[in-house]
Amino acid sequence: MRALIWAAVSTRAQADEDKHYSLQAQEADARALCQKEGWQIVDVLRVPGHSRDYKTLEKLAADARAQGIDAFDKLMQHFEARDFDVFICRDANRFGRSPSLIHQIVEYIIDDCGARIYSFNDGWVDSANADIFAM
């Protein structure tokens, strides 16, 4: 399985290593899961302090890009390439805050890419439970 790791925090202060859900902690947990399962890591996408309270991925990506954060642009490139089988994240709030944004990203991952989500808080997400996860 090809894994795409997502690590994100809302503020630069939260990115510090001493925080419970720091970028480093999120990435370390995901890397450990990949090693345990024998999954190949395709990419690690990091958002080191940016709000994800947007309605669309395109607007979020543009605003993040203006602040030097390329994770959302890279995410859209991976959607186009369909080069991953599992998207690993802490929870849905790591990639979106608004229901419309979360739903859009979940649809891209599951419907368009044919991949599944592994959320450390929620477990496996696929077409059977994607709507519940996105809420």
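Which residues do ring pairs link into a cluster? Keep that in mind as you turn the structure around; point 3 comes back to it. Please note from the start that this is a predicted model.

1. The sheet is a good place to begin. Five strands form an open sheet in the order β2-β1-β3-β4-β5, and their pairing is mixed. At the edges stand β2 and β5 (123-125), each with a single partner strand, so one side of each has no neighbour in the sheet. On average, neighbouring strands are turned by 20° against each other, direction ignored.

2. Helix α1 (residues 23-37) packs on this sheet, where it touches β1, β2, β3 and β4. The direction of α1 makes about 165° with that of β1. Another helix to look for is α3, which lies across β1, β2 and β3 and runs at about 150° to β2.

3. Now for the rings. The cluster linked by ring pairs consists of Trp 39, Tyr 118, Phe 120 and Trp 124. Within the cluster, Tyr 118 and Trp 124 form an edge-to-face pair, with 5.2 Å from centre to centre and 75° between the planes. These two residues are also bridge partners, with Trp 124 sitting in β5. Strand β4 (residues 116-119) pairs with β5 in the antiparallel sense, over three bridges.

4. Is Tyr 118 buried or exposed? Its relative accessible area is 19%, under the 20% limit, so Tyr 118 counts as buried. Trp 124 has a relative accessible area of 32% and is partly exposed. Trp 124 also has a charged residue over its face: Arg 116 lies there, at 3.8 Å from the ring centre.

5. Helix α3 (residues 71-81) deserves a closer look. Its buried residues are Ala 71, Phe 72, Asp 73, Leu 75, His 78 and Phe 79. Among the elements that cover them are β1 (2-9), β2 (40-48), α2 (57-66), β3 (86-89) and α4 (99-112). After α3 comes Arg 82, which has a positive phi, near 50°.

6. Asp 73 may catch your eye in that list. This residue of α3 is buried, with a relative accessible area of 16%. Leaving aside residues up to four places away in sequence, Asp 73 touches Ala 61 and Arg 65.

7. The largest nonpolar core has 33 residues, and those touching the most other members are Trp 6, Phe 87, Phe 95, Val 106, Ile 109 and Ile 117. Two or more residues of this core come from each of β1, β2, α2, α3, β3, α4 and α5 (130-134). The largest share, six residues, is given by α4. Apart from this core lies another, of 10 residues, including Ile 5, Ala 30, Val 44 and Tyr 118.

8. Ile 109 is a handy residue to click on in the larger core. Not counting residues up to four places away in sequence, Ile 109 touches Phe 79, Phe 84, Phe 87, Gly 114, Ala 115, Arg 116 and Ile 117. Note that Arg 116 appears here again, as it did over the face of Trp 124.

9. Finally, try His 103, found in helix α4. With 31% relative accessibility, His 103 counts as partly exposed. Beyond residues up to four places away in sequence, His 103 touches Asp 131 and Ala 134. His 103 and Ala 81 are 22 residues apart in sequence, and 20 Å separate their C-alpha atoms in space.

Technical notes. Residues are numbered from 1 along each chain as its sequence is written. This is a predicted model: local features need pLDDT of at least 70, side-chain atom pairs count only at pLDDT 80 or more; totals for chains, interfaces and linings use all residues. Side-chain values use heavy atoms; hydrogens and water are left out. Buried means under 20% relative accessible area, exposed over 50%, partly exposed in between (1.4 Å probe, protein chains only). Helices (H or I, at least four residues) and strands (E, at least two) are DSSP runs, numbered from the N terminus. Contact means heavy atoms within 4.5 Å. Two strands pair if DSSP finds at least two bridges between them. Axes are lines fitted to C-alpha atoms, for helices over the stretch in contact, and angles run from 0 to 180 degrees between N-to-C directions. Rings of Phe, Tyr and Trp (its six-membered ring) pair if their centres lie within 6.5 Å; planes under 30 degrees apart count as stacked, over 60 as edge-to-face and the rest as tilted. A charge sits over a ring if NZ of Lys or CZ of Arg is within 6 Å of the ring centre and within 35 degrees of the ring normal. A nonpolar core is a set of buried Ala, Val, Leu, Ile, Met, Phe, Trp, Tyr and Cys residues joined through side-chain atoms within 4.5 Å.
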